[in-house]
Amino acid sequence: MDSKIKPVSIAVVGSGYVGLVASACFAEIGHHVVCVDNDESRVRILREGGIPIHEEHLPELLERYRGHTLEFTSDLRAATQNAQAIFIAVGTPQSQTGSADLSYVDAVASEIARSMDSYKVIVEKSTVPVYTNEWIRRVIERNGVAKDMFDVTSNPEFLREGTAIVDFLHADRIVIGAATEIAANLLKQIYFPLTSGEYYRAASAVPGPRSEQDPPPILLTSTKAAEIIKHASNALLATKISFINVVANVCEAAGADVEEVARGIGMDTRIGPKFLRAGVGYGGSCFPKDVAAFRHVAEQVGVEFGLLHEVEKINEEQKLRFFQKIRSALWTFRGKKIGVLGLAFKGGTDDVRESPALDIVKRLLSEGCTVSAYDPAAAARTKEVIPPGPCMRYVDDPYAAAQDADALLILNDWQEFAELDLPKLHYTLRYPIVIDGRNLYDPATMTKHGFTYLSVGRPGLSQPLDPVAAFFLPRRRDGART
Ligand code: UDX
(Lines give C-alpha, C1' and ligand atoms only; values in the text may rest on other atoms or scores of the structure.)
Protein backbone atom coordinates (compact mmCIF):
# COMPACT_ATOMS: atom_id res chain seq x y z
CA MET A 1 0.00 0.00 0.00
CA ASP A 2 0.99 3.61 -0.61
CA SER A 3 2.99 5.16 2.21
CA LYS A 4 0.42 7.94 2.51
CA ILE A 5 -2.24 5.40 3.41
CA LYS A 6 -2.42 5.34 7.19
CA PRO A 7 -5.10 3.28 8.91
CA VAL A 8 -7.41 5.35 11.11
CA SER A 9 -9.31 4.07 14.16
CA ILE A 10 -12.94 4.75 13.42
CA ALA A 11 -16.09 4.34 15.49
CA VAL A 12 -19.39 4.31 13.62
CA VAL A 13 -22.42 4.91 15.82
CA GLY A 14 -25.48 3.21 14.34
CA SER A 15 -25.63 -0.06 12.42
CA GLY A 16 -28.57 0.82 10.17
CA TYR A 17 -28.20 1.12 6.42
CA VAL A 18 -25.73 3.97 6.41
CA GLY A 19 -23.77 2.88 9.49
CA LEU A 20 -23.35 -0.72 8.42
CA VAL A 21 -22.39 0.08 4.84
CA ALA A 22 -19.95 2.79 5.97
CA SER A 23 -18.40 0.42 8.55
CA ALA A 24 -17.88 -2.35 6.01
CA CYS A 25 -16.45 0.08 3.44
CA PHE A 26 -14.09 1.80 5.90
CA ALA A 27 -12.76 -1.66 6.79
CA GLU A 28 -12.47 -2.46 3.07
CA ILE A 29 -10.22 0.59 2.53
CA GLY A 30 -7.91 -0.40 5.35
CA HIS A 31 -9.19 1.18 8.58
CA HIS A 32 -9.94 -0.27 12.01
CA VAL A 33 -13.65 0.05 12.61
CA VAL A 34 -15.87 -0.47 15.63
CA CYS A 35 -19.56 -0.25 14.81
CA VAL A 36 -21.76 0.55 17.80
CA ASP A 37 -25.48 0.05 18.23
CA ASN A 38 -27.58 0.15 21.40
CA ASP A 39 -29.80 -2.60 19.98
CA GLU A 40 -28.11 -5.60 21.62
CA SER A 41 -29.93 -8.17 19.50
CA ARG A 42 -28.78 -6.46 16.29
CA VAL A 43 -25.21 -6.42 17.58
CA ARG A 44 -25.46 -10.13 18.41
CA ILE A 45 -26.78 -10.92 14.92
CA LEU A 46 -23.95 -8.96 13.33
CA ARG A 47 -21.30 -10.60 15.51
CA GLU A 48 -22.62 -14.05 14.71
CA GLY A 49 -22.43 -13.45 10.97
CA GLY A 50 -26.03 -12.39 10.35
CA ILE A 51 -26.74 -9.69 7.75
CA PRO A 52 -29.79 -7.62 8.63
CA ILE A 53 -30.18 -5.90 5.23
CA HIS A 54 -30.23 -7.03 1.62
CA GLU A 55 -27.28 -5.29 -0.02
CA GLU A 56 -25.00 -6.48 -2.81
CA HIS A 57 -21.34 -7.09 -1.77
CA LEU A 58 -22.14 -6.50 1.92
CA PRO A 59 -22.01 -10.21 2.87
CA GLU A 60 -18.52 -10.62 1.34
CA LEU A 61 -17.16 -7.50 3.05
CA LEU A 62 -18.60 -8.42 6.45
CA GLU A 63 -17.24 -11.93 6.11
CA ARG A 64 -13.80 -10.60 5.19
CA TYR A 65 -13.40 -8.14 8.09
CA ARG A 66 -15.72 -9.25 10.90
CA GLY A 67 -13.74 -10.03 14.03
CA HIS A 68 -10.51 -8.62 12.54
CA THR A 69 -10.64 -4.97 11.54
CA LEU A 70 -14.40 -4.69 11.94
CA GLU A 71 -16.01 -5.22 15.32
CA PHE A 72 -19.54 -4.80 16.60
CA THR A 73 -20.43 -3.67 20.09
CA SER A 74 -23.16 -2.04 22.15
CA ASP A 75 -20.58 -0.31 24.37
CA LEU A 76 -20.39 3.21 22.96
CA ARG A 77 -17.94 4.36 25.61
CA ALA A 78 -15.35 1.69 24.82
CA ALA A 79 -15.80 2.09 21.07
CA THR A 80 -15.41 5.86 21.00
CA GLN A 81 -12.60 6.15 23.54
CA ASN A 82 -10.09 4.55 21.21
CA ALA A 83 -11.36 6.17 18.03
CA GLN A 84 -9.76 9.10 16.20
CA ALA A 85 -12.95 9.73 14.19
CA ILE A 86 -16.49 9.06 15.38
CA PHE A 87 -19.14 8.88 12.66
CA ILE A 88 -22.72 9.48 13.78
CA ALA A 89 -24.98 7.39 11.56
CA VAL A 90 -28.14 7.11 13.64
CA GLY A 91 -31.66 7.59 12.32
CA THR A 92 -33.18 11.04 11.79
CA PRO A 93 -36.84 10.06 11.40
CA GLN A 94 -39.56 12.45 10.35
CA SER A 95 -41.32 14.16 13.25
CA GLN A 96 -45.01 15.03 13.23
CA THR A 97 -44.29 18.49 11.84
CA GLY A 98 -42.24 17.10 8.94
CA SER A 99 -38.95 18.26 10.42
CA ALA A 100 -36.16 15.77 11.17
CA ASP A 101 -36.34 14.31 14.68
CA LEU A 102 -32.81 14.77 15.99
CA SER A 103 -33.28 13.18 19.40
CA TYR A 104 -31.06 10.19 18.54
CA VAL A 105 -28.29 12.51 17.33
CA ASP A 106 -28.65 14.57 20.50
CA ALA A 107 -28.47 11.48 22.76
CA VAL A 108 -25.44 10.08 20.94
CA ALA A 109 -23.61 13.44 21.08
CA SER A 110 -24.10 13.60 24.87
CA GLU A 111 -22.90 10.05 25.29
CA ILE A 112 -19.84 10.66 23.13
CA ALA A 113 -19.04 13.77 25.19
CA ARG A 114 -19.15 11.78 28.42
CA SER A 115 -16.58 9.29 27.14
CA MET A 116 -14.12 11.72 25.52
CA ASP A 117 -10.62 11.79 26.98
CA SER A 118 -8.60 12.89 23.92
CA TYR A 119 -9.07 14.96 20.75
CA LYS A 120 -11.76 13.50 18.45
CA VAL A 121 -13.20 14.36 15.08
CA ILE A 122 -16.94 13.86 15.22
CA VAL A 123 -18.52 13.35 11.82
CA GLU A 124 -22.18 13.72 10.93
CA LYS A 125 -23.01 10.97 8.47
CA SER A 126 -26.76 10.94 9.06
CA THR A 127 -28.83 13.27 6.91
CA VAL A 128 -29.36 16.28 9.12
CA PRO A 129 -30.66 19.82 8.76
CA VAL A 130 -28.29 22.73 8.49
CA TYR A 131 -27.14 23.93 11.94
CA THR A 132 -27.08 20.38 13.37
CA ASN A 133 -23.33 20.66 13.41
CA GLU A 134 -23.56 23.64 15.71
CA TRP A 135 -26.04 21.87 17.92
CA ILE A 136 -23.76 18.85 18.30
CA ARG A 137 -20.93 21.18 19.23
CA ARG A 138 -23.06 22.90 21.87
CA VAL A 139 -24.25 19.58 23.35
CA ILE A 140 -20.67 18.35 23.67
CA GLU A 141 -19.49 21.59 25.26
CA ARG A 142 -22.46 21.54 27.62
CA ASN A 143 -21.24 18.16 28.80
CA GLY A 144 -18.01 19.76 29.96
CA VAL A 145 -15.68 19.06 27.00
CA ALA A 146 -13.24 21.84 26.11
CA LYS A 147 -13.56 23.46 22.64
CA ASP A 148 -10.10 22.37 21.51
CA MET A 149 -10.74 18.70 22.37
CA PHE A 150 -12.94 18.05 19.36
CA ASP A 151 -14.19 19.17 15.94
CA VAL A 152 -17.57 18.48 14.44
CA THR A 153 -17.60 17.90 10.68
CA SER A 154 -20.15 16.90 8.08
CA ASN A 155 -19.53 14.10 5.59
CA PRO A 156 -22.87 13.24 4.00
CA GLU A 157 -23.43 9.95 2.21
CA PHE A 158 -25.12 9.57 -1.16
CA LEU A 159 -25.79 5.84 -1.03
CA ARG A 160 -28.68 4.21 -2.83
CA GLU A 161 -30.12 1.08 -1.31
CA GLY A 162 -29.21 -1.96 -3.37
CA THR A 163 -26.03 -0.34 -4.74
CA ALA A 164 -24.81 1.24 -1.50
CA ILE A 165 -21.39 -0.47 -1.41
CA VAL A 166 -20.55 0.49 -4.99
CA ASP A 167 -21.90 4.01 -4.38
CA PHE A 168 -19.57 4.34 -1.37
CA LEU A 169 -16.44 2.89 -2.93
CA HIS A 170 -17.01 4.47 -6.35
CA ALA A 171 -18.54 7.76 -5.24
CA ASP A 172 -19.34 10.62 -7.64
CA ARG A 173 -17.82 12.91 -5.01
CA ILE A 174 -16.78 12.89 -1.38
CA VAL A 175 -18.09 15.95 0.43
CA ILE A 176 -16.19 17.06 3.51
CA GLY A 177 -17.57 19.96 5.49
CA ALA A 178 -15.00 20.99 8.10
CA ALA A 179 -14.09 24.17 9.93
CA THR A 180 -10.50 23.27 10.88
CA GLU A 181 -7.57 21.93 8.92
CA ILE A 182 -6.81 19.18 11.41
CA ALA A 183 -10.35 17.76 11.06
CA ALA A 184 -10.38 18.09 7.27
CA ASN A 185 -6.99 16.35 7.11
CA LEU A 186 -8.17 13.37 9.14
CA LEU A 187 -11.17 12.91 6.83
CA LYS A 188 -8.91 13.24 3.80
CA GLN A 189 -6.66 10.57 5.31
CA ILE A 190 -9.66 8.26 5.79
CA TYR A 191 -10.72 8.61 2.15
CA PHE A 192 -7.19 8.69 0.73
CA PRO A 193 -7.26 5.04 -0.47
CA LEU A 194 -10.18 6.06 -2.71
CA THR A 195 -9.16 9.59 -3.71
CA SER A 196 -5.59 8.50 -4.54
CA GLY A 197 -6.93 5.71 -6.76
CA GLU A 198 -4.90 3.17 -4.76
CA TYR A 199 -7.92 1.09 -3.78
CA TYR A 200 -8.86 0.32 -7.37
CA ARG A 201 -5.48 -1.35 -8.01
CA ALA A 202 -6.27 -4.20 -5.64
CA ALA A 203 -7.47 -7.37 -7.38
CA SER A 204 -10.07 -7.82 -4.65
CA ALA A 205 -11.52 -4.30 -5.08
CA VAL A 206 -15.28 -4.16 -5.51
CA PRO A 207 -15.77 -3.35 -9.20
CA GLY A 208 -17.50 -0.13 -10.22
CA PRO A 209 -17.19 2.96 -12.38
CA ARG A 210 -14.15 4.52 -10.61
CA SER A 211 -10.57 3.49 -11.39
CA GLU A 212 -7.00 4.33 -10.48
CA GLN A 213 -7.02 6.86 -13.34
CA ASP A 214 -10.40 8.29 -12.44
CA PRO A 215 -10.75 8.33 -8.63
CA PRO A 216 -13.52 10.21 -6.80
CA PRO A 217 -12.87 13.92 -6.18
CA ILE A 218 -13.06 15.52 -2.75
CA LEU A 219 -15.14 18.64 -2.28
CA LEU A 220 -14.12 20.65 0.77
CA THR A 221 -16.85 22.94 2.06
CA SER A 222 -18.10 24.63 5.19
CA THR A 223 -20.07 22.35 7.51
CA LYS A 224 -23.30 24.20 6.73
CA ALA A 225 -22.81 23.84 2.97
CA ALA A 226 -22.17 20.10 3.39
CA GLU A 227 -25.39 19.73 5.37
CA ILE A 228 -27.35 21.60 2.72
CA ILE A 229 -25.70 19.67 -0.15
CA LYS A 230 -27.19 16.45 1.19
CA HIS A 231 -30.73 17.75 1.63
CA ALA A 232 -30.68 19.70 -1.63
CA SER A 233 -29.38 16.68 -3.61
CA ASN A 234 -32.20 14.45 -2.44
CA ALA A 235 -34.78 17.19 -2.91
CA LEU A 236 -33.61 17.86 -6.47
CA LEU A 237 -33.65 14.14 -7.37
CA ALA A 238 -37.19 13.83 -5.99
CA THR A 239 -38.14 16.97 -7.97
CA LYS A 240 -36.83 15.34 -11.16
CA ILE A 241 -39.03 12.30 -10.54
CA SER A 242 -42.15 14.33 -9.79
CA PHE A 243 -41.46 16.47 -12.84
CA ILE A 244 -41.24 13.50 -15.20
CA ASN A 245 -44.33 11.97 -13.60
CA VAL A 246 -46.36 15.06 -14.47
CA VAL A 247 -44.82 15.08 -17.95
CA ALA A 248 -45.95 11.43 -18.19
CA ASN A 249 -49.49 12.47 -17.37
CA VAL A 250 -49.34 15.14 -20.08
CA CYS A 251 -47.98 12.52 -22.53
CA GLU A 252 -50.75 10.13 -21.63
CA ALA A 253 -53.42 12.76 -22.25
CA ALA A 254 -51.78 13.97 -25.46
CA GLY A 255 -51.00 10.53 -26.90
CA ALA A 256 -47.19 10.75 -26.71
CA ASP A 257 -44.72 8.29 -25.17
CA VAL A 258 -42.99 9.60 -22.03
CA GLU A 259 -40.06 7.23 -22.60
CA GLU A 260 -39.29 9.00 -25.89
CA VAL A 261 -39.79 12.37 -24.24
CA ALA A 262 -37.51 11.47 -21.28
CA ARG A 263 -34.83 10.29 -23.71
CA GLY A 264 -35.07 13.58 -25.59
CA ILE A 265 -34.87 15.65 -22.42
CA GLY A 266 -32.07 13.57 -20.91
CA MET A 267 -29.82 13.92 -23.97
CA ASP A 268 -29.34 17.55 -22.99
CA THR A 269 -26.12 17.29 -20.99
CA ARG A 270 -27.34 20.12 -18.76
CA ILE A 271 -30.22 17.90 -17.64
CA GLY A 272 -28.84 14.36 -17.93
CA PRO A 273 -30.76 11.10 -18.43
CA LYS A 274 -30.90 9.84 -14.83
CA PHE A 275 -33.92 10.03 -12.54
CA LEU A 276 -36.29 10.67 -15.41
CA ARG A 277 -38.10 7.33 -15.20
CA ALA A 278 -41.83 7.88 -14.85
CA GLY A 279 -43.68 5.49 -12.56
CA VAL A 280 -45.84 5.08 -9.49
CA GLY A 281 -43.95 7.74 -7.54
CA TYR A 282 -40.87 7.71 -5.35
CA GLY A 283 -40.64 6.03 -1.95
CA GLY A 284 -37.98 4.74 0.42
CA SER A 285 -36.48 5.86 3.67
CA CYS A 286 -34.90 9.03 2.25
CA PHE A 287 -36.77 10.99 -0.41
CA PRO A 288 -40.14 11.42 1.35
CA LYS A 289 -38.47 12.24 4.67
CA ASP A 290 -35.74 14.48 3.26
CA VAL A 291 -38.02 16.51 0.99
CA ALA A 292 -40.24 17.25 3.99
CA ALA A 293 -37.25 18.00 6.22
CA PHE A 294 -35.65 20.35 3.69
CA ARG A 295 -38.93 22.20 3.19
CA HIS A 296 -39.07 22.56 6.96
CA VAL A 297 -35.47 23.78 7.18
CA ALA A 298 -36.23 26.44 4.58
CA GLU A 299 -39.30 27.52 6.52
CA GLN A 300 -37.28 27.79 9.72
CA VAL A 301 -34.79 30.14 8.11
CA GLY A 302 -37.63 32.19 6.66
CA VAL A 303 -37.64 30.90 3.08
CA GLU A 304 -40.82 29.71 1.39
CA PHE A 305 -40.00 26.57 -0.67
CA GLY A 306 -43.39 25.93 -2.24
CA LEU A 307 -41.78 23.89 -5.03
CA LEU A 308 -41.03 21.09 -2.58
CA HIS A 309 -44.60 21.09 -1.35
CA GLU A 310 -45.68 20.62 -4.97
CA VAL A 311 -43.16 17.77 -5.43
CA GLU A 312 -44.71 15.94 -2.47
CA LYS A 313 -48.25 16.59 -3.69
CA ILE A 314 -47.46 15.25 -7.17
CA ASN A 315 -45.93 12.14 -5.64
CA GLU A 316 -49.08 11.43 -3.62
CA GLU A 317 -51.29 12.05 -6.64
CA GLN A 318 -49.20 9.73 -8.79
CA LYS A 319 -50.00 6.75 -6.56
CA LEU A 320 -53.67 7.65 -6.60
CA ARG A 321 -53.63 8.07 -10.36
CA PHE A 322 -52.14 4.62 -10.79
CA PHE A 323 -54.83 3.21 -8.56
CA GLN A 324 -57.49 4.87 -10.73
CA LYS A 325 -55.82 3.26 -13.74
CA ILE A 326 -56.28 -0.16 -12.14
CA ARG A 327 -59.91 0.72 -11.46
CA SER A 328 -60.41 1.77 -15.07
CA ALA A 329 -59.15 -1.64 -16.19
CA LEU A 330 -61.14 -3.72 -13.72
CA TRP A 331 -64.32 -1.64 -13.37
CA THR A 332 -65.10 -3.01 -9.89
CA PHE A 333 -62.74 -4.31 -7.21
CA ARG A 334 -64.74 -6.44 -4.77
CA GLY A 335 -63.85 -10.12 -5.18
CA LYS A 336 -61.23 -9.50 -7.88
CA LYS A 337 -57.98 -11.42 -7.70
CA ILE A 338 -54.91 -9.27 -8.34
CA GLY A 339 -51.37 -10.48 -8.92
CA VAL A 340 -48.71 -8.09 -7.66
CA LEU A 341 -45.05 -8.08 -8.69
CA GLY A 342 -42.94 -5.90 -6.41
CA LEU A 343 -43.38 -4.83 -2.81
CA ALA A 344 -40.13 -3.01 -1.97
CA PHE A 345 -39.98 0.71 -2.77
CA LYS A 346 -37.76 -0.18 -5.75
CA GLY A 347 -36.04 -3.26 -7.17
CA GLY A 348 -32.82 -4.59 -5.64
CA THR A 349 -33.77 -4.05 -1.99
CA ASP A 350 -35.95 -5.59 0.71
CA ASP A 351 -36.87 -2.17 2.12
CA VAL A 352 -40.58 -1.41 2.14
CA ARG A 353 -40.46 1.94 3.93
CA GLU A 354 -42.77 4.45 2.18
CA SER A 355 -43.14 1.96 -0.66
CA PRO A 356 -45.71 3.06 -3.26
CA ALA A 357 -46.35 -0.67 -3.81
CA LEU A 358 -47.57 -1.14 -0.24
CA ASP A 359 -49.78 1.89 -0.54
CA ILE A 360 -51.41 0.39 -3.64
CA VAL A 361 -51.75 -3.10 -2.11
CA LYS A 362 -53.41 -1.65 1.01
CA ARG A 363 -55.91 0.24 -1.15
CA LEU A 364 -56.70 -2.94 -3.14
CA LEU A 365 -57.30 -4.91 0.07
CA SER A 366 -59.51 -2.20 1.50
CA GLU A 367 -61.59 -2.30 -1.71
CA GLY A 368 -62.19 -6.04 -1.26
CA CYS A 369 -59.62 -7.53 -3.66
CA THR A 370 -57.60 -10.65 -3.02
CA VAL A 371 -53.89 -10.12 -3.61
CA SER A 372 -51.16 -12.64 -4.51
CA ALA A 373 -47.84 -10.89 -4.18
CA TYR A 374 -44.30 -11.71 -5.17
CA ASP A 375 -41.08 -9.81 -4.50
CA PRO A 376 -37.64 -11.48 -4.67
CA ALA A 377 -36.58 -9.98 -1.31
CA ALA A 378 -39.26 -7.92 0.41
CA ALA A 379 -41.97 -10.43 1.39
CA ALA A 380 -40.68 -10.93 4.95
CA ARG A 381 -40.64 -7.20 5.67
CA THR A 382 -44.03 -6.67 4.03
CA LYS A 383 -45.54 -9.41 6.24
CA GLU A 384 -44.68 -7.27 9.29
CA VAL A 385 -46.94 -4.53 7.84
CA ILE A 386 -49.54 -6.57 5.94
CA PRO A 387 -49.86 -9.99 7.57
CA PRO A 388 -50.67 -12.95 5.31
CA GLY A 389 -54.29 -14.06 5.36
CA PRO A 390 -57.09 -15.28 3.13
CA CYS A 391 -57.03 -12.03 1.12
CA MET A 392 -53.24 -11.49 1.13
CA ARG A 393 -51.04 -14.33 -0.12
CA TYR A 394 -47.28 -14.22 -0.51
CA VAL A 395 -45.96 -16.46 -3.28
CA ASP A 396 -42.54 -17.55 -4.48
CA ASP A 397 -42.49 -16.66 -8.16
CA PRO A 398 -44.07 -14.25 -10.62
CA TYR A 399 -46.25 -16.89 -12.29
CA ALA A 400 -47.71 -17.98 -8.93
CA ALA A 401 -48.69 -14.34 -8.39
CA ALA A 402 -50.30 -14.23 -11.83
CA GLN A 403 -52.09 -17.58 -11.45
CA ASP A 404 -55.78 -17.06 -12.33
CA ALA A 405 -55.52 -13.35 -11.55
CA ASP A 406 -57.90 -10.81 -13.06
CA ALA A 407 -54.89 -8.56 -13.67
CA LEU A 408 -51.18 -8.42 -12.94
CA LEU A 409 -49.59 -5.27 -11.52
CA ILE A 410 -45.87 -4.44 -11.77
CA LEU A 411 -45.02 -2.12 -8.90
CA ASN A 412 -41.23 -2.08 -8.73
CA ASP A 413 -38.34 -2.62 -11.11
CA TRP A 414 -36.53 -5.85 -10.25
CA GLN A 415 -34.75 -7.05 -13.41
CA GLU A 416 -36.61 -10.36 -13.09
CA PHE A 417 -39.91 -8.55 -13.74
CA ALA A 418 -38.63 -7.21 -17.06
CA GLU A 419 -37.76 -10.70 -18.29
CA LEU A 420 -41.01 -12.61 -17.89
CA ASP A 421 -41.92 -15.44 -20.25
CA LEU A 422 -44.82 -13.63 -21.92
CA PRO A 423 -46.62 -16.67 -23.47
CA LYS A 424 -46.45 -18.41 -20.08
CA LEU A 425 -47.70 -15.30 -18.32
CA HIS A 426 -50.56 -14.98 -20.80
CA TYR A 427 -51.63 -18.54 -20.17
CA THR A 428 -51.33 -18.20 -16.39
CA LEU A 429 -53.48 -15.09 -15.98
CA ARG A 430 -57.24 -15.42 -15.89
CA TYR A 431 -57.46 -12.20 -17.93
CA PRO A 432 -54.36 -11.07 -19.83
CA ILE A 433 -54.26 -7.61 -18.30
CA VAL A 434 -50.91 -6.21 -17.18
CA ILE A 435 -50.77 -2.82 -15.48
CA ASP A 436 -47.16 -1.75 -15.32
CA GLY A 437 -46.22 1.03 -12.92
CA ARG A 438 -42.57 1.01 -14.01
CA ASN A 439 -42.78 0.88 -17.84
CA LEU A 440 -40.73 -2.32 -18.02
CA TYR A 441 -42.26 -3.49 -21.31
CA ASP A 442 -42.66 -2.19 -24.80
CA PRO A 443 -46.42 -1.65 -25.37
CA ALA A 444 -46.23 -3.01 -28.95
CA THR A 445 -44.61 -6.27 -27.75
CA MET A 446 -47.27 -6.70 -25.09
CA THR A 447 -50.04 -6.09 -27.60
CA LYS A 448 -48.44 -8.60 -29.98
CA HIS A 449 -48.55 -11.18 -27.19
CA GLY A 450 -52.24 -10.54 -26.67
CA PHE A 451 -52.08 -8.49 -23.48
CA THR A 452 -54.10 -5.48 -22.55
CA TYR A 453 -51.17 -3.45 -21.33
CA LEU A 454 -51.46 -0.24 -19.35
CA SER A 455 -48.35 1.64 -18.30
CA VAL A 456 -47.40 5.16 -17.27
CA GLY A 457 -47.40 8.01 -19.79
CA ARG A 458 -47.63 5.97 -22.96
CA PRO A 459 -50.18 5.95 -25.75
CA GLY A 460 -52.15 3.21 -27.53
CA LEU A 461 -53.18 0.31 -25.36
CA SER A 462 -51.38 1.89 -22.46
CA GLN A 463 -54.34 4.28 -22.33
CA PRO A 464 -56.91 3.39 -19.65
CA LEU A 465 -58.96 0.50 -20.92
CA ASP A 466 -62.61 1.00 -21.71
CA PRO A 467 -64.21 -1.17 -19.00
CA VAL A 468 -67.05 -2.20 -21.26
CA ALA A 469 -64.63 -3.27 -23.99
CA ALA A 470 -62.74 -5.35 -21.40
CA PHE A 471 -65.85 -7.34 -20.75
CA PHE A 472 -65.90 -8.48 -24.37
CA LEU A 473 -62.31 -9.76 -24.44
CA PRO A 474 -62.08 -13.27 -26.02
CA ARG A 475 -62.46 -16.11 -23.49
CA ARG A 476 -60.02 -18.82 -22.43
CA ARG A 477 -61.09 -22.51 -22.35
CA ASP A 478 -62.06 -22.31 -18.66
CA GLY A 479 -64.38 -19.42 -19.37
CA ALA A 480 -61.93 -16.63 -18.57
CA ARG A 481 -61.45 -14.04 -21.29
CA THR A 482 -58.06 -14.36 -23.01
C1 UDX B 1 -31.79 7.90 -2.42
C2 UDX B 1 -30.68 8.70 -3.11
O3 UDX B 1 -30.56 8.29 -4.47
C4 UDX B 1 -29.35 8.53 -2.38
O5 UDX B 1 -28.36 9.35 -2.97
C6 UDX B 1 -29.55 8.92 -0.92
O7 UDX B 1 -28.35 8.73 -0.19
C8 UDX B 1 -30.67 8.11 -0.30
O9 UDX B 1 -31.87 8.28 -1.06
P10 UDX B 1 -32.61 5.37 -2.37
O11 UDX B 1 -33.66 5.81 -1.41
O12 UDX B 1 -31.86 4.12 -2.09
O13 UDX B 1 -31.49 6.52 -2.54
O14 UDX B 1 -33.32 5.18 -3.77
P15 UDX B 1 -33.23 5.73 -5.25
O16 UDX B 1 -32.59 4.73 -6.12
O17 UDX B 1 -32.69 7.09 -5.29
O18 UDX B 1 -34.81 5.77 -5.60
C19 UDX B 1 -35.72 6.47 -4.76
C20 UDX B 1 -37.12 6.30 -5.27
O21 UDX B 1 -37.33 6.99 -6.50
C22 UDX B 1 -37.52 4.85 -5.55
O23 UDX B 1 -38.85 4.64 -5.14
C24 UDX B 1 -37.39 4.73 -7.05
O25 UDX B 1 -38.19 3.71 -7.60
C26 UDX B 1 -37.86 6.11 -7.48
N27 UDX B 1 -37.35 6.53 -8.80
C28 UDX B 1 -36.01 6.69 -8.99
C29 UDX B 1 -38.25 6.81 -9.82
O30 UDX B 1 -39.47 6.68 -9.66
N31 UDX B 1 -37.76 7.25 -11.02
C32 UDX B 1 -36.43 7.43 -11.25
O33 UDX B 1 -36.08 7.83 -12.37
C34 UDX B 1 -35.52 7.13 -10.21
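The questions and answers below cover helix 1, the ligand shell, aromatic pairs and several single residues of a predicted model.

Residues are numbered from 1 along each chain as its sequence is written, and side-chain values use heavy atoms, with hydrogens and water left out. Because this is a predicted model, local features need pLDDT of at least 70 and side-chain atom pairs count only at pLDDT 80 or more, while totals for chains, interfaces and linings use all residues.

Q: What span should the 12 residues of helix 1 have at 1.5 Å a residue?
A: Helices (H or I, at least four residues) and strands (E, at least two) are DSSP runs, numbered from the N terminus. The expected span of a helix is 1.5 Å times one less than its number of residues. For helix 1, residues 17–28, the end C-alpha atoms are 16 Å apart, in agreement with the expected span of 16 Å.

Q: How many of the 12 residues of helix 1 are buried?
A: Buried means under 20% relative accessible area, exposed over 50%, and partly exposed in between (1.4 Å probe, protein chains only). Among the buried residues of helix 1 are Y17, C25, F26 and E28. Helix 1 is largely enclosed by the rest of the structure, because its buried residues number 12 of 12.

Q: Which residues are the closest around the ligand?
A: A residue is near a molecule if one of its heavy atoms lies within 4 Å of it. The ligand is surrounded by 18 residues, and helix 9 (residues 223–254) gives the most to this shell, with 3 residues. The closest are L159, E161, K230, K346 and R438.

Q: How many residues of the shell around the ligand are charged?
A: Ala, Val, Leu, Ile, Met, Phe, Trp, Tyr, Cys and Pro count as nonpolar, Asp, Glu, Lys and Arg as charged, and the others, Gly among them, as polar. By these classes the shell has 9 nonpolar and 2 polar residues. The number of charged residues is 7.

Q: What percentage of the accessible area of the ligand does the protein cover?
A: A polar side-chain atom of R438 lies 2.6 Å from an oxygen atom of the ligand, and one of E157 lies 3.2 Å from a ligand oxygen. On its own, the ligand has 660 Å² of accessible area (Shrake-Rupley method, 1.4 Å probe). The protein covers 95% of this area.

Q: What is the angle between the planes of F168 and Y191?
A: Rings of Phe, Tyr and Trp (its six-membered ring) pair if their centres lie within 6.5 Å; planes under 30 degrees apart count as stacked, over 60 as edge-to-face and the rest as tilted. The whole structure has 10 aromatic pairs. F168 and Y191 form a tilted one, at 6.2 Å centre to centre, with an angle of 35 degrees.

Q: How many residues apart in sequence are the parts that the pair of F168 and Y191 ties together?
A: F168 is buried at 6% relative accessible area, and Y191 is buried at 3%. F168 lies in helix 7 (residues 164–169) and Y191 in helix 8 (residues 181–195), so the separation of the tied parts is 23 residues.

Q: Which side chain does S115 join in a polar contact?
A: S115 is in the loop between helix 5 (103–114) and strand 5 (120–124), and counts as buried at 3% relative accessibility. A polar contact is a pair of N or O atoms within 3.5 Å; within protein, one must be able to donate a hydrogen and the other to accept it, and residues adjacent in sequence count only if both atoms are side-chain atoms. At 3.0 Å, the partner of S115 is T80.

Q: Where does the side chain of H426 reach?
A: H426 lies in helix 16 (residues 422–428). H426 is buried, with a relative accessible area of 19%. At 3.4 Å, its side chain reaches the backbone oxygen of G450.

Q: What is the phi of H57?
A: Most residues other than glycine have a negative phi. H57 lies in the loop between helix 2 (40–47) and helix 3 (58–65), and is buried at 15% relative accessibility. Its phi is positive, near 75 degrees.
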